[in-house]
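Grab a coffee and work through a few exercises on charged side chains. Each task comes with a solution you can follow step by step.

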Amino acid sequence: MAQPDFYHLEIESDNVEFSCYLNGFPVYSSSDKNESSVSLPVHVYLIGSDNKLLIEAEAIDKSKEGKVNAHISEYQNGEVVVTNDLKSGGPELSIKTTDKEKRDLVFDNQRFDFSKTLMKGDILNSSEVQAYALKLWKYKEQGDAKGFVGEMRLKINDYAAAHEYSADQMREGLTAQFDQTFFKKKDAAIIIDQVGLESYNGGRVWEIKIEGHEFLNITEDDGSMFMSVYVASFDEELGIIR
């Protein structure tokens with residue numbers, strides 16, 4: 001049987017604040033009091049066997065039940081997928097609560113395995129990650145999109161393995177895009193106190209924020225754009241992995 005070309009996490013929710021973690025990695029969160037639905041690709045967060053989807057949920061209005069239903073859908077290239085496309089079938093997890101609840105679901109996939117990147121890096125302490133954050137910010141100070149994209153080699157290799165384009169194509173595309181967005185103008189220097197950190201998977205993966213915002217973040221007259229930055233280390237060499 002042919003393996004799916006990509007996987008989506010599809011979620012329906014109502015009156016619930018919740019966070020979803022896939023193999024220890026934060027993939028989606030919401031605090032929408034109204035009914036909502038979302039569909040997002042998650043194949044770059046899969047690890048082969050024994051993938052674990054964890055959802056932590058809490059009802060917003062405690063006078064009535066909060067609900068969240070999530071399932072993993074498999075797609076083939078050529079299928080049309082939109083944000084509200086909730087395909088039936090596949091591993092499913094449901095939570096109904098008037099308070100707080102945590103529940104998980106374990107499932108397999110035979111196509112994608114990014115366990116090395118997500119779960120097998122060096123254990124890092126906060127000072128190491130802070131120092132690396134300042135190094136990354138230097139590219140912002142210098143307006144050096146190419147240098148920053150060079151720090152994304154681990155992420156680029158994984159995304160190229162999960163999609164139909166090469167690492168070189170992705171590297172060139174990101175550099176051109178970043179030149180016109182996040183690195184269009186040079187940024188002022190920052191200090192360590194402006195760096196915020198959150199760790200996952202036992203200190204192997206860290207998210208870096210600057211003054212509470214995503215590391216790459218711009219706001220202009222026609223809207224805003226941002227990209228989160230998660231880093232890990234392999235053989236004592238840090239890099240951006242997601």
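**Exercise 1.** Is Asp168 buried, partly exposed or exposed in this predicted model, and which residue does Asp168 form a salt bridge with?

*Solution.* Start with accessibility: Asp168 has a relative accessible area of 47%. Buried needs under 20% and exposed needs over 50%, so Asp168 is partly exposed. Next, look for the partner: Asp168 forms a salt bridge with Arg171, and their closest N and O atoms are 2.7 Å apart. Arg171, at 29%, is partly exposed as well. Finally, place the pair: both residues sit in helix H5 (residues 167-179), 3 residues apart, or about one turn of the helix.

**Exercise 2.** Which residues are joined into one network by salt bridges that share partners?

*Solution.* The network takes in Lys135, Glu151, Arg153 and Glu237. Now zoom in on one of its pairs: the side chains of Glu151 and Arg153 meet at 4.0 Å, N to O. Then check accessibility at each end. Glu151 counts as buried because its relative accessibility is 6%, whereas Arg153, at 26%, is partly exposed.

**Exercise 3.** How many residues apart are Glu56 and Lys102, and which strands hold them?

*Solution.* First, the contact: the side chains of Glu56 and Lys102 form a salt bridge, 3.6 Å from N to O. This pair links distant parts of the chain, with Glu56 in strand E5 (residues 51-59) and Lys102 in strand E8 (residues 100-107), 46 residues apart. Last, accessibility: Glu56 is partly exposed at 30%, while Lys102 is exposed at 55%.

How values were computed: Residues are numbered from 1 along each chain as its sequence is written. This is a predicted model: local features need pLDDT of at least 70, side-chain atom pairs count only at pLDDT 80 or more; totals for chains, interfaces and linings use all residues. Side-chain values use heavy atoms; hydrogens and water are left out. Helices (H or I, at least four residues) and strands (E, at least two) are DSSP runs, numbered from the N terminus. Buried means under 20% relative accessible area, exposed over 50%, partly exposed in between (1.4 Å probe, protein chains only).
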